[in-house]
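User: Please take me through this structure step by step. I am new to it.

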Amino acid sequence: MFRINLSFIILQIKNCIFSLYFWLKILLVIIVIFLVTQIGVSSDDDTLVLLYNDGSSVADDIIDSMARTDYVGYDFKICKKLDKLKEYVQKGDAVCGIVFDEDFDLAIRTGKLKNCIKYYQSASSIDGFAIKEVVFPFILEAVSNTLIRNYLSETAPDISPEVLDLITSTNDLLNSQTNISIFHIEELGLRSPIIKSSLNLSYNIALWLLFGIALIDVYSLGEIYKAHFSGRKKAVHYLYTFEGALISTLISSLIVGLLFFTGDVLLFLLYGLICTIYACLVRFISKSNKRYTTVIPILMIVCLFISPIIYDLTIIIPSLKYISFLVPTTYFTM
Amino acid sequence: MRIFHYLCFEIKTAYKCILGTFIGFITIIGLLLSLLYAINIAKASTEEALAINVGVVLPEDQSELGGLFRFANNLTSLKGYCNLISCSEEEVKAGLLNNEYSLAVIIPDDFFEKSIHMQPAEFTILLPHELSHNEKKLISMFHGVEHVMVVCESAIQSMYYSMYTNSFSFTRQQMENDFTSIYVKQFLSRNNIFDVDYLSSYGNYSFIEYYLSSIILISLIICSISFFGMYGNNELYLEKILSVSTSGIIRTTIIKILSQTIALSTMMLGLLLSLTVIDKIMALNIIFFEPNIIIGIILISLSVSSYTHLIITLCKCSADSSIYYILLSMIMVILCGGVVPKVYFPKALNTLSFALPFSSWHNALLSLLFENHLSGLISVLIINVILLFLGITLYVRQVRHNV
């Protein structure tokens, strides 16, 4: 019924490598995976907070002490360019960017702190408020001498400048030396629950695209060969498309695996094989190419929807779990 | 008259072609929109699901700490990632074992008493396992509170030293109260210190707005695939008569593009109208159907039709031209930020994307649908002229070459 023809396979590989269609397809996959790897995926890394001094003379000390702080969960970094700071925040790589400018100097001198710090917050993060709680004590420390001066100018207006200087310098000294601890941690050493906190987005998107490639290959190769053979007025068994599609998908899987996920090349090849068999099955059920073209985008979107590719919707709608087993991506996603 | 008949015929063909894919198209749109909605819900639910539960054991008969607990529980900075739950010590320990609580805070009976008398006082944090991201943030907030207390105590202590050597009109107790109230006031108004500016990868638009316009444009491109059926090898009798001269070919080409534009724009306007009705019923307030939208959709549809015509011409109307069209369009959509916002691209790619028509279509549709601005349509008009010129010139050359 169906024989493996070696010369036909070699011809298929040659056709694949020399076709514009194949390289356009690979280019598309490479662009998508490259772009996905550029997106900062939320992980358990420390939250990045960027600091920038835009001409403030008093902010350097604050920025230094913030950058030196070892608060767990936050990574304060000094940024040298305002544009870069905004770009990082906009992309979501940094949760927020704190900018100290000349207004900040005036606020520290007068004690009127309203809107003295420019705070760029990433719209995609909910961490903005929590960071303010950590930043606020540093600002309070910077303004504490002004608060003391303001208080004494109201309650003891005749105080001598020497005494005032003595009080503020004592305050600075105490601020640097005082250590208050309001809590201690007792570790119980229990086993941490296994929670899949984040999905490997680029890996999953690569799988999704390869699934799409297999689906399109089965259609397109069928179309191309149908056109090719119809010129010779020779009927083509539709299983011939399987051979061609399989070779094309396997080469695509190999290239994607080698370029981005070197350790999983064999897994990608197996996945390519499964996807092609699956696509042929769908093509067989669809009966006509016209119906199959309608099925491809629907199947792609459904796959994105029910498989844990971008979000694991089965956590929110558990019944989706059983439907998700109907698409091959579910078995390979990370 | 022949031209008019031909136009009517082409419009009929365009509708026939597009209606064939209409059901599939509606299904795709429905699926994409529900995916968008589900992702939005999933995002919110994941954030909620990732919030940690913290068991807090308060000493009995301590109304002051109860008030402080309620204050902490209502803090905006804790919302979204931390739920404080008051419970007994036994409940907390059981909750830590079965992972109901991520960590526990046990406040001793004398904590408040010692704190107000500025004596060292510590509460205990029971940590069942290694710190997670949200737990780290909570611990950092406790460190922040320690830092505030250091600042406040340093100010009071520095006043003590000077009060030994100098005489002031106020008493020690009065000074302590005043300073405490000054720092508490500063603490309560801490959010006013920050002049907040939100930066989003979607620019001035929301996630839904950005992707809704992307979906509309992708749908336009997908629907245009059905127009490939209008470029068969068997030329019609009327088309043959009209294309005897170069001006005839130009006329038939323009008619082809016009008929595709009419089919695309009526379908898109119908879709937008139905989306507006759904929006009104569900009170979502996302889309407002203004008269300007009609002009915008017609111009964008004309642009998409010209683009489709150009690709078909470049592929020489071959059988596999639809595959090249899909692949090229997908690359263009991705490069122009239709899937991933452009801020994530390297600068060189960003510059390249401005030369591609999808960028202008996307920007124009965004400003048209959500700001009711027609300014974005200027670049669409320029693109229309270029695409029409290229499409017609190449098509005429191709037809003349074939003849």
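User: Is Y211(B) buried or exposed, and what is its relative accessible area?

Analyst: This is a predicted model, where local features need pLDDT of at least 70, side-chain atom pairs count only at pLDDT 80 or more, and totals for chains, interfaces and linings use all residues. Residues are numbered from 1 along each chain as its sequence is written, chains are lettered from A and ligands numbered from 1 in the order in which they are written, and side-chain values use heavy atoms, with hydrogens and water left out. Buried means under 20% relative accessible area, exposed means over 50%, and partly exposed lies in between (1.4 Å probe, protein chains only). Y211(B) is buried, with a relative accessible area of 14%.

User: How do the rings of F207(B) and Y211(B) pair?

Analyst: Rings of Phe, Tyr and Trp (its six-membered ring) pair if their centres lie within 6.5 Å; planes under 30 degrees apart count as stacked, over 60 as edge-to-face and the rest as tilted. F207(B) is buried too, at 14% relative accessible area. The two residues are four apart in helix α7 (residues 207-224) of chain B, so about one helical turn separates them. Their ring centres lie 5.2 Å apart and their planes meet at 65 degrees, so the pair is edge-to-face.

User: Which residues are linked into a cluster by ring pairs?

Analyst: Over all chains, the count comes to 22 aromatic pairs. Some of them join up in chain B. The cluster holds Y202(B), F207(B), Y210(B) and Y211(B).

User: How are the rings of Y74(A) and F76(A) arranged?

Analyst: Y74(A) is buried at 4% relative accessible area, and F76(A) is buried at 6%. Their ring centres are 6.3 Å apart. The planes stand at 35 degrees, so the pair is tilted.

User: Which ring does the charged end of R190(B) sit over?

Analyst: A charge sits over a ring if NZ of Lys or CZ of Arg is within 6 Å of the ring centre and within 35 degrees of the ring normal. K342(B) does this over F354(B), 4.4 Å from the ring centre. For R190(B), the distance is 4.1 Å and the ring is that of F187(B).

User: What is the bend of helix α6(A) at V143(A)?

Analyst: Helices (H or I, at least four residues) and strands (E, at least two) are DSSP runs, numbered from the N terminus. Of the 28 residues of α6(A), 20 are buried, so the helix is largely enclosed by the rest of the structure. The bend is the angle between axes fitted to the seven residues ending at a residue and the seven starting there. At V143(A) it is about 45 degrees.

User: Which strands stand at the edges of the sheet β2(A)-β1(A)-β3(A)-β4(A)-β5(B)?

Analyst: This open sheet has five strands with mixed pairing. Two strands pair if DSSP finds at least two bridges between them. β4(A) (residues 117-122) runs parallel to β5(B), joined by six bridges. Each edge strand pairs on one side only: β2 (74-78) of chain A and β5 (194-199) of chain B.

User: Which residue is the bridge partner of K118(A)?

Analyst: The partner lies in β5(B). It is D195(B).

User: In the sheet β5(A)-β4(B)-β3(B)-β1(B)-β2(B), which residue is the bridge partner of V54(B)?

Analyst: The five strands form an open sheet with mixed pairing. β1(B) (residues 52-57) and β2(B) pair in the parallel sense over five bridges. The partner of V54(B) in β2(B) is L84(B).
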